[in-house]
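Work through the following exercises with the sequence and the model at hand, and compare each step with the solution beneath the task.

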Amino acid sequence: MKRPLILLVLILLSLAIWTYQNQAAEENIGIVIADKHKGVCWVGSRNPLEGWELDTLGSFGVSHISQTPFGWQGDPNLPEIKWEEHSDKMWWGESLKGMNTTTSIGREKGIESILKPHLWVRGSWPGTISMKTEADWEKWFEQYTAFILYFARFAEENQIPILCIGTELEMTSEREKDWRKVIEEIRSVYKGELVYAANFTEYQQIEFWDALDYIGIQAYFPLSDKTNPDLEELISSWEKKSKEIEKTVRQYRKPVIFTEIGYCNTEDAAIQPWVWPNERKEIPLSEEVQALCYEAFFQTAWKKDWLAGVYFWKWYPQPRERDPDFTPQNKKAQLVMRSYFSE
């Protein structure tokens with residue numbers, strides 16, 4: 001009788017130890033970020049900066065800005081991409097010269113830059129890019145590699161610490177082998193850290209996170225299904241989203257950067273945060289809802305050890321009086337951001 005009893009005790013003890021270890025692993029992912037990026041998405045200016053435009057960022061606790069040069073794809077189903085190498089018809093702040101100057105001025109004021117190249121698709125968005133033939137896929141990745149290497153070399157020359165290798169390319173990211181080749185090419189010319197800015201509907205399907213330094217998420221998660229939500233509902237939604245994100249963090253053991261996050265100053269801001277302002281012109285304005293969305297984020301996801309930083313969309317060099325809009329500038333959301341960024 002003693003042997004079966006001893007065996008049963010050992011089995012129960014083993015189960016208890018296994019349960020404890022798994023609970024501990026879930027509670028402690030093992031990622032600790034010393035200094036989170038307190039960022040905003042900088043809007044490249046049409047004309048050269050005068051120098052004062054970045055002065056106020058430090059007073060709001062901002063430590064980083066993302067700069068976004070563009071490439072242009074006329075048709076989401078055709079493999080032709082153009083960028084600065086092919087045309088000088090762009091805003092000064094989105095050119096290599098402009099970004100070099102912005103980076104230098106920012107550093108003088110204690111603001112670091114990350115580089116986030118982006119494809120502008122005529123009449124659509126990057127998430128619709130998809131080729132119809134294997135030959136076109138090959139051409140598209142050839143074009144895209146040339147595009148991203150153009151900016152990777154710039155990032156290396158200017159010692160920009162993080163390069164975003166792509167943004168919201170949702171129908172291309174399933175081609176894991178092609179993206180691993182792109183990453184390999186980038187690392188041959190750029191020695192900094194890499195992130196990919198996955199759409200919030202995309203990040204869980206990506207299988208090349210292990211080849212990057214960060215998991216990047218365009219964090220436009222829907223937080224409510226109604227206008228004028230209260231803070232409690234928004235916090236509850238963020239807690240659920242955070243648990244989902246943690247599954248990917250545990251799988252790849254990589255910290256997360258919210259490469260973009262933002263909310264319009266409208267009553268429906270939490271329903272579909274990604275919707276452009278020009279599609280909200282009939283919606284009543286609400287600085288309060290925008291500020292509550294910021295507050296809910298800071299009370300939840302911002303506190304997670306795995307979150308390496310956040311970049312709020314968007315910040316103009318010279319504040320604009322345009323409603324509705326995503327920017328927190330001169331709105332209640334700005335006060336919320338400053339409160340947490342300055343802690």
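Contact here means heavy atoms within 4.5 Å. The model is a predicted one, in which local features need pLDDT of at least 70 and side-chain atom pairs count only at pLDDT 80 or more, while totals for chains, interfaces and linings use all residues. Residues are numbered from 1 along each chain as its sequence is written, and side-chain values use heavy atoms, with hydrogens and water left out.

**Exercise 1.** Determine where Thr300 lies and which residues Thr300 touches.

*Solution.* Begin with the secondary structure, in which helices (H or I, at least four residues) and strands (E, at least two) are DSSP runs numbered from the N terminus. Thr300 sits in the loop between helix 6 and strand 10. Next, leaving aside residues up to four places away in sequence, Thr300 is in contact with Ile235, Trp238 and Glu239. Finally, Thr300 has a relative accessibility of 7% and counts as buried, a term that means under 20% relative accessible area, with exposed being over 50% and partly exposed in between (1.4 Å probe, protein chains only).

**Exercise 2.** Check the length of helix 6 against its expected span, and find what its buried residues pack against.

*Solution.* The expected span of a helix is 1.5 Å times one less than its number of residues. For the 13 residues of helix 6 (residues 287-299) this gives 18 Å, which agrees with the 18 Å between its end C-alpha atoms. The buried residues of helix 6 include Val289, Cys293 and Phe297, and the buried residues of this helix pack against helix 5 (231-252), strand 9 (256-261), strand 10 (307-315) and helix 7 (332-341).

**Exercise 3.** Explain why Cys264 forms no bond with the closest cysteine sulfur.

*Solution.* A disulfide is counted when a pair of cysteine sulfur atoms lies within 2.5 Å. The closest cysteine sulfur to that of Cys264 belongs to Cys293 and is 10 Å away, too far for a bond. By this rule the count of disulfides is zero.

**Exercise 4.** Describe the salt bridge between Asp55 and Lys109.

*Solution.* A salt bridge requires a side-chain nitrogen of Lys or Arg within 4 Å of a carboxyl oxygen of Asp or Glu. In the pair Asp55 and Lys109, the closest N and O atoms are 2.6 Å apart. Asp55 lies in the loop between strand 1 (37-42) and strand 2 (64-67) and Lys109 in the loop between helix 2 (96-108) and strand 4 (112-115), so the pair ties together parts that are 54 residues apart in sequence. Asp55 is partly exposed, at 44% relative accessible area, and Lys109 is also partly exposed, at 33%.
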